[in-house]
Amino acid sequence: FFQAEDGIRDSSVTGVQTLLFRSDDPADEPSAQGGTAPAAQTPALKNYITPFGLQRLRDERRFLLFKERPAVTQVVAWAASNGDRSENADYQYGKRRLREIDRRIRFLTKRIEAAEVVDPEAPRVGRAATHVFFGATVTYTTSAGEERVARIVGLDEVDLDRHYISWRSPLAMALMKAGVGDEVVLRAPGGTEYLEVLEVRYERVPMDPFREPPGAESAPKPPA
């Protein structure tokens, strides 16, 4: 059986550099204080992502920074002018919403700054074109003989309804570096399963663009 090699950086293939992490990688484990392990002890993980996934993060951050946050700030300012802030529901809600927006902006900024863009449509040669790496669309069979398809994408691009799986998921890590005809071992919480790779291809991964939520403060208001 072909098993994904753990903890190996493979830079031997042209134009693609893939980092695989062990399931017991210290960076995956929370620290004793409840957060992730300190950067001094474990290297920061890159945020592998497709070009369209990165654009969606940027569009959301731009919306929050330049449309939603200013709109909520105006509501807070208006509510603050209406008297006692401690009993002002509009003011309290607005301040809470601003904190939520700021947390989301910080999160998006970190994800964007850590982004390592991998374009599935980029020209590939050798193993990079025939074996499973980030961005691959993989057709495989299960132990029960069921044929399935999975697309390996970034953490911010997961969509199980479309079979988009994170490159750090157990299934993706089992398939990583496998080629057509290889059998791999999937070890997941539900048990161990043997999979056979039928096809590996690289193509555009359709990604829904960011859309402004209809209930946003900055959304157009119906006429009074």
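**Exercise 1. Place Thr137 in the fold, and say whether it is buried or exposed.**

Step 1. In this predicted model, Thr137 belongs to strand E5, which covers residues 136–141.

Step 2. Its relative accessibility is 0%. The cut-off for buried is under 20%. Thr137 therefore counts as buried.

Step 3. Now list the neighbours, leaving aside those within four places in sequence. Thr137 is in contact with Val149, Ala150, Arg151, Glu199, Val200, Arg201 and Glu203.

Step 4. One of these contacts is polar. The side chains of Thr137 and Arg151 are joined by a polar contact of 3.0 Å.

Step 5. Arg151 also has charged partners. Salt bridges that share partners join Arg151, Glu199, Arg201 and Glu203 into one network.

**Exercise 2. Find where Ala144 lies, and decide whether it is buried or exposed.**

Step 1. Ala144 sits in the loop between E5 and strand E6 (147–153).

Step 2. The relative accessible area of Ala144 is 64%. Exposed means over 50%, so Ala144 is exposed.

Step 3. Compare sequence and space. Ala144 and Leu195 are 51 residues apart in sequence, and their C-alpha atoms are 9.3 Å apart.

**Exercise 3. Compare the span of helix H2 with the span expected at 1.5 Å a residue, then find what its buried residues pack against.**

Step 1. H2 runs over residues 89–113 and has 25 residues.

Step 2. From first C-alpha to last, H2 reaches 36 Å. This is close to the expected 36 Å.

Step 3. Pick out the buried residues. They are Tyr91, Gly94, Leu98, Ile101, Ile105, Leu108, Thr109, Arg111 and Ile112.

Step 4. Find their packing partners. The buried residues of H2 pack against strand E3 (47–49), helix H1 (51–80) and strand E4 (115–117).

**Exercise 4. How many salt bridges does a search of the whole structure find? Analyse three of them.**

Step 1. The search finds 13 salt bridges.

Step 2. Take Lys46 and Glu116. Their closest N and O atoms are 3.8 Å apart. Lys46 lies in the loop between strand E2 (18–19) and E3, and Glu116 lies in strand E4, so the pair ties together parts 70 residues apart in sequence. Lys46 is partly exposed, at 37% relative accessible area. Glu116 is also partly exposed, at 30%.

Step 3. Take Glu212 and Lys67. This salt bridge has its closest N and O atoms 2.9 Å apart. It links distant parts of the chain: Glu212 is in the segment after strand E9 (191–202), Lys67 is in helix H1, and 145 residues separate them. Glu212 is partly exposed, at 38% relative accessibility. Lys67 is partly exposed, at 38%.

Step 4. Take Arg97 and Glu100. Here the closest N and O atoms are 3.5 Å apart. The two residues are three apart in helix H2, so about one helical turn separates them. Arg97 is partly exposed, at 23% relative accessible area. Glu100 is partly exposed, at 34% relative accessibility.

**Exercise 5. How many aromatic pairs does a search of the whole structure find? Describe two of them by geometry and place.**

Step 1. The search finds three aromatic pairs.

Step 2. Recall the two descriptors. A pair of aromatic rings is described by the distance of the centres and the angle of the planes.

Step 3. Apply them to Tyr48 and Trp167. The centres are 5.0 Å apart, with 85 degrees between the planes. Planes over 60 degrees apart count as edge-to-face, so this pair is edge-to-face.

Step 4. Locate the pair. Tyr48 is in strand E3, and Trp167 is in the loop between strand E7 (164–166) and helix H4 (170–175), so the pair ties together parts 119 residues apart in sequence. Tyr48 and Trp167 are buried.

Step 5. Apply the descriptors to Phe63 and Phe210. The centres are 5.5 Å apart and the planes lie at 45 degrees, so this pair is tilted. Phe63 is in helix H1 and Phe210 is in the segment after E9, 147 residues apart. Phe63 is buried, at 5% relative accessible area. Phe210 is partly exposed, at 22% relative accessibility.

Step 6. Look for a cluster. Ring pairs link Tyr48, Phe134 and Trp167.

**Exercise 6. Which ring does the charged end of Arg124 sit over?**

Step 1. The ring is that of Tyr202.

Step 2. The charged end of Arg124 is 3.7 Å from the ring centre.

Terms used
Residues numbered from 1 in each chain as written. Predicted model: local features only at pLDDT ≥ 70, side-chain atom pairs only at ≥ 80, totals over all residues. Heavy atoms only, no water. Helix = DSSP H or I, 4+ residues; strand = E, 2+ residues; numbered from the N terminus. Expected span 1.5 Å × (residues − 1). Buried < 20%, exposed > 50% of the residue type's maximum accessible area, 1.4 Å probe, protein only. Contact = heavy atoms within 4.5 Å. Salt bridge = Lys/Arg side-chain N within 4 Å of Asp/Glu carboxyl O. Phe/Tyr/Trp six-rings, centres within 6.5 Å; stacked < 30°, edge-to-face > 60°. Lys NZ or Arg CZ within 6 Å of the ring centre and 35° of its normal. Polar contact = N/O pair within 3.5 Å; in protein donor to acceptor, adjacent residues only side chain to side chain.
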